[in-house]
Amino acid sequence: MGVIPTLVTLLGIHCHNAALTEMCLVAFGNLAELESSKEQFASTNIAEELVKLFKKQVEHDKREMIFEVLAPLAENDAIKLQLVEAGLVECLLEIVQQKVDSEKEDDIAELKTASDLMVLLLLGDESMQKLFEGGKGSVFQRVLSWIPSNNHQLQLAGALAIANFARNDGNCIHMVDGGIVEKLMDLLDRHVEDGNVTVQHAALSALRNLAIPVVNKAKMLSAGVTETVLKFLKSEMPPVQFKLLGTLRMLIDAQAEAAEQLGKNVKLVERLVEWCEAKDHAGVMGESNRLLSALIRHSKSKDVIKAIVRSGGIKHLVTMATSEHVIMQNEALVALALIAALELGTAEKDLESAKLVQILHRLLADERSAPEIKYNSMVLTCALMGSESLHKEVQDLAFLDVVSKLRSHENKSVAQQASLTEQRLAVES
């Protein structure tokens with residue numbers, strides 16, 4: 001019925017009438033919860049009116065009321081940008097500066113609300129880029145200064161803000177060159193012993209995002225990021241475990257030396273194998289499997305494979321080949337093919353007891369398997385021929401029938417690999 005634009009206009013005209021503004025704010029608070037209403041709010045000048053009102057408020061309760069309207073509205077990307085353009089960020093930064101050393105409960109609550117809202121504004125791509133201003137922005141600089149502060153809430157907001165700024169390669173490269181990694185490592189070091197879990201999680205999230213661009217990996221490795229991250233291996237907190245695994249996986253991508261170094265780290269490999277069984281935490285379980293596979297794929301090292309075999313990691317890689325995610329299945333098959341090519345003798349018994357050959361047969365026979373899964377399953381099958389017992393299993397399961405059907409597969413690579421595999425199986429039978 002067009003109530004929202006009417007109320008916003010009223011607020012603009014009667015901003016000096018305290019009773020009326022309060023009633024408007026209560027109404028906005030209730031209306032803003034609806035997804036559809038956010039879009040309507042975005043077509044008014046609500047952002048401007050709220051920021052104008054906010055700047056005039058001195059009382060904590062009144063500001064609290066405005067915050068309660070801002071938070072749900074700021075979930076909308078268009079409104080995020082409007083709030084940034086209306087100057088909300090400057091108000092928030094001022095509050096942070098005023099309240100940072102206060103012990104008063106109200107002030108601590110307001111500091112939290114202001115810094116949380118700041119992080120929320122950075123979740124929109126446009127609003128985030130506007131505040132980053134090529135890394136020269138005063139807002140970005142202020143957020144940087146929160147990381148070394150002694151206030152946990154600010155450390156948390158600072159690390160989360162960096163994680164949000166690190167959502168595109170350009171920003172990540174600029175920040176790493178500007179020395180952000182050392183600041184985050186110092187922050188993590190302060191939270192190793194009985195640290196604050198939310199701060200650990202946020203700082204690791206930021207490092208993981210920063211490690212995505214290829215040019216950053218070597219720089220971060222030589223800065224010693226892996227050593228800092230490994231200090232959290234003993235953490236019992238799944239969110240921290242999850243980010244720690246993701247960070248290491250990003251760092252070793254195509255970095256053979258780093259992958260080999262980590263893959264020979266027995267403590268890490270044993271912890272990964274343990275986490276591969278974390279049935280209650282699917283995220284941690286998936287990331288552990290992916291890191292195990294990545295250590296092999298990027299290092300292509302016999303020593304790493306031996307370490308993983310000794311720690312009992314093979315069965316997890318075989319299970320990973322049956323994952324519902326094609327990308328994980330594929331990573332597992334490539335790692336297993338490297339194991340079969342480089343250290344088949346060492347891994348043979350584990351591959352047998354994990355029933356790898358039966359799984360390969362199932363993947364090849366299943367019409368729903370993706371082409372790359374079929375292709376890599378055949379490559380792996382050929383690599384297993386070097387083992388007498390696995391070779392016998394392949395023969396017993398009549399692989400030839402399944403493979404010969406794939407010769408006419410619509411995917412050229414699959415069809416070619418099927419011909420090669422068929423020849424190999426025929427020669428060896």
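Hi everyone, let me start with the chemistry of the largest pocket: the residues of its lining divide into six nonpolar, seven polar and three charged. Before I go on, please keep in mind that this is a predicted model.

So how much space are we talking about in that largest pocket? About 310 Å³. Sixteen residues make up the lining, and M285, G286, N289, S323 and M328 are the ones closest to the centre of the pocket. As for the elements behind it, α20, residues 282–299, and α22, residues 314–320, each give two or more residues to that lining. Which of the elements gives the most to the lining of the largest pocket? That's α20, with seven residues.

Now let's move to the enclosed space. The count here is one cavity of 30 Å³ or more, and the volume of the largest cavity is about 40 Å³. If you'd like to select the lining in your viewer, pick L11, C15, E49, K52, L53 and K56. Helix α4, which covers residues 46–56, is the top contributor to this lining, giving four residues. And what does the lining of the largest cavity look like by class? There are three nonpolar residues and three charged ones, with no polar residues.

One last stop, on annotation. UniProt, in an unreviewed entry, places a feature called "repeat: ARM" at residues 179–211. In the model, that span is 73% helix and 0% strand, and its end C-alpha atoms lie 13 Å apart.

That's my tour, thanks for listening!

Note on methods:
Residues numbered from 1 in each chain as written. Predicted model: local features only at pLDDT ≥ 70, side-chain atom pairs only at ≥ 80, totals over all residues. Heavy atoms only, no water. UniProt positions renumbered as here; feature names shortened; annotations may be inferred. 1 Å grid on protein atoms, 1.4 Å probe; cavity = no way out; pocket = protein on both sides within 12 Å on 5 of 7 lines; lining within 4 Å. Points joined across faces, edges and corners; volume = space filled by probe spheres on them. Nonpolar A, V, L, I, M, F, W, Y, C, P; charged D, E, K, R; others polar.
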